[in-house]
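Here are some exercises to work through with the model open beside you. Try each task before you read its solution.

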Amino acid sequence: MSQTVFAPWDDPNEKPLIQFRNVTKRFGDFTAIDDLTQDIYTREFFALLGPSGCGKTTMMRMLAGFETPTEGKIFIAGQDMAKIPPNKRAVNMMFQSYALFPHLSVWENIAFGLKREGKDKDAIAARVEEMLRLTRLSKFAKRKPHQISGGQRQRVALARSLAKAPKLLLLDEPLGALDKKLRQDTQFELMDIQEKTGTTFVIVTHDQEEAMTVASRVAVMDEGRIIQVATPAQIYEAPNSVYVADFIGDVNIISGRAKPNGDKVVTQWAEGQPDIIGTTATKFDAGQEIHFAIRPEKVAISTEEPQDAANKLQGKVLDIAYLGNISTYHVALPTGHVIKAQTANTRRLSRRQITWEDPVWISFTDTAGVLLER
Amino acid sequence: MRRFSWFNATALTLGFAFLYIPMIILVIYSFNASKLVTVWAGFSTQWYGELVRNEEFLNAAWVTIKVAVMSSTIATVLGTMAAYVLVRAGRFSGRTLFSGMIYAPLVMPEVITGLSLLLLFIGIGLDRGVLTIVLAHTTFSMCYVSVVVSSRLVTFDKSLEEAALDLGCSPFEAFRLVTLPIIAPAVISGWLLAFTLSLDDLVIASFTTGPSATTLPIKIFSAVRLGVSPEINALSTIMIAIVTIGVIMASLITKQAAVRQARDERMAERPA
């Protein structure tokens, strides 16, 4: 059975659920969102990723209705949201602080939104029970928020925001307060729930690993603009700028001048060093500024000169970071550049031969790195 | 346990004596059989009996309680509203001026507050009586309510209100269903504060009262000017008892809440 890839953003017939159209938001002199246009589709798990102050939370608050755009329009399911107050939107939000009502029990917290809809008692009870089961909280229904642990509180917040079956669920740094192990478990739980309920999720996070794990698409933001929107794999393997390459994961950047050479582009980066050969679809002019970005795991390290590598450089081991499953070697080149090379530790420690101060060769193919204009 | 020292014991005794000897004397003399306040003539509860039969005192007590309940309730509503707006409205121009103006009556001498209210009531031709005292007490006690409530609202997590809006509440419903229940302790203590202030106010009440309404403090003050009677001692003893019981109850309730909170938090840590 073949599985269709979930990619509504590539389908021109697909109608987006959320449309930002030239949205600008200013707070006094400060521009939080700068002329932003973006579509988000039904059933997507869309992550807004960026450092604090990049405008990702403002974007989310505008979707919830707590902020109004200074300029531009936001549409949800084709409807202009400008005049719609938060309580009239089919959008629910899970707050960073969870914002659970301390004077109500877990059960009453989840039922809160349903009661506002004026549903009858049995329907409310049935829905609350369903949410309690979904988030595995049935045992805690009668407890107050301060009588349960942090992870449980986080699940109550999720259950409460899902109870009204919103078209769109906004998650503001939902896992920030949890420790690492619990956070990873919860990430998978979130994906599971998203799949089960079919709700569109928009998540705000500054944790790139979290965004990569849960999201169908990631938007990397900086200073009120979206720098790149793509699937996690594209963001990682084909970043469109040094900023994105550097923000997601670990990367080596070598800057130089471009020299087109047939279907390859050569980066001239230092006197007396061999030029770096790379492939790209982008057109570069001779002498144009160019940045060669390569992930450490795509750089091979060896003691002997590799024979058939497109690019090879000589250096000396400066540092070794042993992480258990992998090791990262920091190799200093004669030019002063430090290149990180990563290898999987498939052999036991005693069998490996590279150590500090060793002269080594680093090598990579001509398709391993990306060539970036900025 | 600290070691006993004569210095500590003396300091403690002196301090407490300074605070409580006047009240103890008052309580003791309220059980005096003699009509002369300064001569002890044996134990008796007759003055309490007289007090119950004294209609003037009972009337005054009734007026006082009426005034206190009404003024503290109005002051709580107005003071809470003022606090809410000042804390929540953000930075509008003139905000500092507004909050300063809310708190100014706190430091205003009572004589001036009383006099200005009297002039106002005469100016608009309002007959002085229970209504005017209620208005006057509301005026000065709402500042206290506003101070108490706004100090609670400052630490109130605004996202709770946003969550209520997000889940479909109108702004008023969000206030009624989420904000108010959470800040209720502050609102209640604001009410109690306003109630107490109204209960023992003499200066402002005597400026704004009329012949039809005599509050207890006014009654006691005017009675004392004709000479201290054991009846007044009895009345004061009852008031001391009421206040003491109130304070003890309030602290018990607070302590119980703290104990419950601690137990709940232990429960949260235990895996279920």
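Helices (H or I, at least four residues) and strands (E, at least two) are DSSP runs, numbered from the N terminus. This is a predicted model, in which local features need pLDDT of at least 70 and side-chain atom pairs count only at pLDDT 80 or more, while totals for chains, interfaces and linings use all residues. Residues are numbered from 1 along each chain as its sequence is written, and chains are lettered from A and ligands numbered from 1 in the order in which they are written.

**Exercise 1. Take stock of chain A: find how many helices and strands it has.**

Solution. Start with the count: there are eight helices and 20 strands in chain A. Next, look at the extent: the C-alpha trace spans about 80 × 50 × 50 Å along its principal axes. Then check burial (20 or more other C-beta atoms within 10 Å of a residue's own, with C-beta atoms placed from the backbone). Of the 374 residues of chain A, 39% count as buried.

**Exercise 2. Work out in which order the four strands of the open sheet in chain A run, and which stand at the edges.**

Solution. Two strands pair if DSSP finds at least two bridges between them. Following the pairs gives the order β2-β1-β4-β5 in chain A, with antiparallel pairing. β2 (30-40) and β5 (79-80) of chain A are the edge strands; each has a single partner strand, so one side of each lacks a neighbour in the sheet. Now zoom in on one pair: β1 (residues 18-27) and β4 (residues 71-76) of chain A are joined by five bridges. Within β4(A), Lys73(A) is the bridge partner of Arg21(A).

**Exercise 3. Find which residues of the largest nonpolar core touch the most other members.**

Solution. A nonpolar core is a set of buried Ala, Val, Leu, Ile, Met, Phe, Trp, Tyr and Cys residues joined through C-beta atoms within 7 Å. The largest one has 100 residues, and those touching the most other members include Ala47(A), Ile110(A) and Ala219(A). Helix α2 (residues 106-116) of chain A brings the largest share of this core, six residues.

**Exercise 4. Describe the side of chain A that touches chain B.**

Solution. Count contacts first (C-beta atoms, placed from the backbone, within 7 Å): 24 residues of chain A meet 20 residues of chain B. On the chain A side, α2(A) gives the most, with three residues. By class, this side has eleven nonpolar (Ala, Val, Leu, Ile, Met, Phe, Trp, Tyr, Cys and Pro), five charged (Asp, Glu, Lys and Arg) and eight polar residues (the others, Gly among them).

Definitions and conventions: Buried ≥ 20, exposed ≤ 12 C-beta atoms within 10 Å, placed from the backbone.
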